[in-house]
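Colleague: Could you take me closely through one part of this model, the salt bridges and the elements they join, and then set that part beside the strands and loops around it? I would like the reasoning spelled out wherever a cut-off decides the wording.

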Amino acid sequence: MARTLLRLRRYVRRRPLRFLSFVLLYLTAGGSLVFLRAGETASGAQGSGPEVGRGGPEGRGLGLISRVFREGRQPPRRYNPPWLKQDSQDLSVRGGRDGDHTGGWSRALKGRSMKDSEEGRATYLGCYADNTHKRALRGASFFDYKKMTVFRCQDNCAERGYLYAGLEFGAECYCGHKIQAVNASEGDCNMECKGERGKNCGGANRLSIYRLELSQDSARRYGSAVFKGCFKKPENVTLALPIAAAILNMSVDKCVDLCTEKEFPLAILAGPLCRCGFPTAQFSLHEREDEEMCQRCCPGDEAENCGTDDYFLVYQTQVQDKRCMDRHFLLSRTKRLTALASFPGAGNTWARHLIELATGIYTGSYYFDGSLYNKGFKGERDHWRSARTICIKTHESGRKEIEAFDAAVLIIRNPYKALMAEFNRKYGGHVGFASQTHWKGKDWPEFVRNYAPWWASHTLDWLRYGKNVHVVHFEDLKRELFGQLKKMVVFLDQGVSEDRLLCVEGQKDGNFKRSGLRKLEYDPYSPEMRATIDDLIRVVDKALRERRLPGVPEEYSPR
């Protein structure tokens, strides 16, 4: 027996592919159960019995083979659906915030049959068809390809005041105030949640939908909206704002509720009328008027203003503007590799978010960051030379790396802000914060000593070695997003859609803005640090001006 096993072992070593082919044919012919049972017995004997011998080569060989075939007979791994390679937030938020919001409910339903569905604060309604062009739920949406659970989706939708929450592809969450789709077979909603084994989160173009029983806090937030300002009536008001209704006892909440129900991102109080619509070229919200022009008390609430016939008060509802949400890879491979270059902490990820929304095309990366991929940056997985993305994120500053690109968008940010942002990212993640221990210990001074010179050399290298460089100052992009982003899109050789750019303005923050709630209460920069950084700012400012480019913004100070 030992001699036979030794011959078998030699044969496997010499002709492994032929051996595996014979074994596969044997399994296909019906001998799989016998073979696997023999393998398990041999493996078990290796651990406890004297027949094979502990650690002997025969035992190891059979144990390995049996383990390989046992693993091969497990249920197949679910790969991402094909559409993920063409179309699109740990979280890609489209109109939502990152994080768990667990204060509203004690527990939530996790995908059960109708008879068991009423539990906690949600009711499972069933499996519904979905369509990437006409969503069944058309409110906010966000993705989590790593940790999505039923509760997380429900809680995020409830926190935003939505009536329905739906899960799809095991990782996508959609919110809405009404269901605009037909029922599908329950068997179609069979994809396991990425963050919750044994629970289903929809399927391929199928939504597992729950009706939410909102808490009182959520119900009050249902009518909440962001105040945008007072604006003059557009010339063709019916074209710019197609929905209009006279509401008895008009109030801000009633107008916002109406436009939210009708799935519009803007609620406009126009005297006796409530109008709903989108930001458009006819009504761009770029020219604000003095709020005194809109002062007229609401019939339903004298403490509020409802605008006038000629000057409108505008609020942004919780409805997500979908005009800039579709994304895909380039339909044909580009011949020009364009870098999106920046010093770490200068807003590269935010710029990628803006570019993807403005163009509808994925951005790539010189690196691979799994957390960014899980948050919706699908170009992160592509090789940076794939030529399928519109531009490639990079923090590199060497001559060889720079000359590998044909063009570049160079983002420059105030070093005082960039250094703190990168320090927070290094010790707290993309949206987290470094601890006080890091700030007050040795980490911060050492970080500034090493990274501050790099801030200057990074810009100087790209100006020196870059072939076709378009400079964008982070501060200018924040201050004048529409104009600066439009220039970036033109430089990237893409057609400009003003409606799409206006859509970007409504959801410009994305998923990578720190809350600002943990700002330092003291200045972390010592006088010696400031003296060094100020000298570096002067060097960069001089280099920009020598190339007939605008110098650094005034807030950098000094000159």
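Modeller: A residue is called buried when its relative accessible area is under 20%, exposed when the value is over 50%, and partly exposed in between. This is a predicted model, and the wording below should be read with that in mind.

The structure holds 20 salt bridges, and a good place to begin is the pair formed by arginine 500 and aspartate 326, whose closest N and O atoms are 3.0 Å apart. Arginine 500 belongs to helix α16 (residues 498–506), whereas aspartate 326 sits in the loop between β15 and β16, so this contact ties together parts that are 174 residues apart in sequence. The two partners fall into separate classes of accessibility: arginine 500 has a relative accessible area of 11% and is therefore buried, while aspartate 326, at 39%, is partly exposed.

Helix α16 takes part in another such contact, since glutamate 498 of that helix and lysine 486 of helix α15 (residues 481–491) are 12 residues apart and link distant parts of the chain. In this salt bridge, the closest N and O atoms of lysine 486 and glutamate 498 are 3.8 Å apart. Lysine 486 is partly exposed at 31% relative accessibility, and glutamate 498 is likewise partly exposed, with a relative accessible area of 35%.

A pair within one helix makes a useful contrast. Aspartate 535 and arginine 538 form a salt bridge with an N to O distance of 3.0 Å, and both lie in helix α17 (residues 527–546), 3 residues apart, which is about one turn of the helix. Aspartate 535 counts as partly exposed at 45% relative accessibility, and arginine 538 does so at 35%. Elsewhere, salt bridges with shared partners join Asp130, Arg135 and Glu168 into one network.

The loop that holds aspartate 326, between β15 and β16, also contains threonine 317. Threonine 317 is buried, because its relative accessible area is 6%, and its C-alpha atom is separated by 5.7 Å from that of leucine 266, although the two residues are 51 residues apart along the chain.

Following this loop to its far end leads to strand β16, a member of an open sheet of 5 strands in the order β17-β18-β16-β19-β20, with parallel pairing. In this sheet β17 (364–365) and β20 (469–473) stand at the edges, where each has a single partner strand, so one side of each is left without a neighbour. Strand β16 (residues 338–342) pairs with strand β18 (residues 392–394) in the parallel sense over 3 bridges, and leucine 340 stands opposite lysine 393 of β18.

Going back along the chain, β13 and β14 form a hairpin with 2 residues between them. The two strands run antiparallel and are joined by 2 bridges, β14 covering residues 301–305, and cysteine 298 stands opposite aspartate 301 of β14. The loop between β12 (273–277) and β13 (297–298) carries glutamate 287, which counts as exposed because its relative accessibility is 64%. Glu287 contributes to a negative surface patch together with Glu289, Asp290 and Glu292; residues in such a patch have no salt bridge, unlike the charged pairs with which this description began.

Note on methods
Residues numbered from 1 in each chain as written. Predicted model: local features only at pLDDT ≥ 70, side-chain atom pairs only at ≥ 80, totals over all residues. Heavy atoms only, no water. Patch = residues over 30% accessible without salt bridge, like charges linked within 9 Å, V, L, I, M, F, W, Y side chains within 5 Å. Areas by Shrake-Rupley, 256 points an atom, 1.4 Å probe, with all protein chains shown as cover. Salt bridge = Lys/Arg side-chain N within 4 Å of Asp/Glu carboxyl O. Lys, Arg positive; Asp, Glu negative; His and termini not counted. Charge placed at Lys NZ, Arg CZ, Asp CG, Glu CD. Helix = DSSP H or I, 4+ residues; strand = E, 2+ residues; numbered from the N terminus. Buried < 20%, exposed > 50% of the residue type's maximum accessible area, 1.4 Å probe, protein only. Pairing = 2+ DSSP bridges.
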